[in-house]
Amino acid sequence: MSFLTNKKVLVTAGPTYEPIDPVRFIGNRSSGKMGYAIAEELTKQGAEVILVSGPVSLAINNSKIKIINVETAAEMYDACHAHFKACDIAIMTAAVADYTVAEPSAIKIKKKESTLTLDLIKTKDILKSLGEIKSTKQILVGFALETNNEEANALEKLKKKNLDFIVLNSLQDKGAGFQHDTNKVSILDKYNKMTKFELKAKAAVAKDIVAYLKPFV
Ligand code: CTP
């Protein structure tokens, strides 16, 4: 028996795409690799995973992982809220768009003017909304991707979003963050403990993150 046997875990991964018109979108450079690696590692420890994934070019073939494909931040929000209550743990690795296009065009926008202005509105913060409804038995883990003031920003997110721990990666570290096969992370937890990990393959980082759940389960 592994420590996650019979545990249900919700994982988000990848970017979201916010449509501008039928052919264009606002997206980001998330590859989904970190979230998919965590999902795989969770199943090795006995968990059943619901993976809510934005558009990525990764394939998964694991009967313990149920994939729900979404595109937009709003769709990701709905999928997470549909499943969170039945889960013991949620790990939000997705790079969710902070803003979406207020009124996407139903038809392709033609290039008429020399400038184009898009009105953007804030998306709902999925992680924060789960932090507001989580029970004392549920474990909530977030990610923070920072370029400056890393630890202070991550700590603020940990508190603001009611997390058990947050995984910080800095874009200043070589080989860390988007698109890479490696990552270098630190974990800050609600007991004010901080653990720094070495640069390693994302599968190995996933192992560290999943192992960190143990005392919280
Ligand atoms: N997140 C989320 N829903 C959003 C935005 C972020 O669930 N609409 C989650 C991410 O999956 C990640 C964490 O929140 O686990 C941190 O996301 P980040 O974008 O770094 O934080 P923000 O709170 O959006 O702050 P900022 O962009 O201003 O740094």
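Which of the 14 residues around the ligand come nearest? In this predicted model, they are Met 92, Ala 94, Phe 143, Lys 157 and Lys 161.

**View 1. The ligand in its pocket.** The ligand occupies the largest pocket. Around the ligand stand 14 residues, with Ala 94 and Phe 143 among the nearest. Sorted by class, this shell comprises seven nonpolar, two polar and five charged residues.

**View 2. Polar contacts of the ligand.** Three residues of the protein are shown here with their contacts to ligand oxygen atoms. At Met 92 the partner is a polar backbone atom, 2.7 Å from an oxygen atom of the ligand. At Lys 157 an N or O atom of the side chain is 2.8 Å from a ligand oxygen. Lys 161 also places a polar side-chain atom 2.8 Å from an oxygen atom of the ligand. The ligand taken alone exposes 580 Å², and the protein buries 77% of that area.

**View 3. Secondary structure around the ligand.** Helix H3 (126-133) and strand E9 (139-146) each contribute at least two residues to the shell. The largest contribution is that of E9, which supplies three residues.

**View 4. The salt bridge between Lys 161 and Asp 125.** Lys 161, one of the residues nearest the ligand, pairs with Asp 125 in a salt bridge. Their closest N and O atoms are 2.8 Å apart. Lys 161 belongs to the loop between helix H4 (150-160) and strand E10 (165-170), while Asp 125 belongs to the loop between strand E8 (120-122) and H3, so the salt bridge ties together parts that lie 36 residues apart in sequence. The structure holds nine salt bridges. Lys 161 therefore appears in two views: here with Asp 125 in a pair that joins two loops, and in View 2 with a polar side-chain atom 2.8 Å from a ligand oxygen.

Key. Residues are numbered from 1 along each chain as its sequence is written. This is a predicted model: local features need pLDDT of at least 70, side-chain atom pairs count only at pLDDT 80 or more; totals for chains, interfaces and linings use all residues. Side-chain values use heavy atoms; hydrogens and water are left out. A residue is near a molecule or strand if one of its heavy atoms lies within 4 Å of it. A polar contact is a pair of N or O atoms within 3.5 Å; within protein, one must be able to donate a hydrogen and the other to accept it, and residues adjacent in sequence count only if both atoms are side-chain atoms. Accessible areas come from the Shrake-Rupley method with a 1.4 Å probe; for residues, only the protein chains shown count as cover. On a 1 Å grid over the protein atoms alone, a cavity is a set of points where a 1.4 Å probe fits but cannot get out, and a pocket is an open set with protein on both sides within 12 Å along at least five of seven lines; lining residues have an atom within 4 Å of a point. A molecule sits in a cavity or pocket if more than half of its atoms lie within 2 Å of its grid points. Helices (H or I, at least four residues) and strands (E, at least two) are DSSP runs, numbered from the N terminus. Ala, Val, Leu, Ile, Met, Phe, Trp, Tyr, Cys and Pro count as nonpolar, Asp, Glu, Lys and Arg as charged, and the others, Gly among them, as polar. A salt bridge is a side-chain nitrogen of Lys or Arg within 4 Å of a carboxyl oxygen of Asp or Glu.
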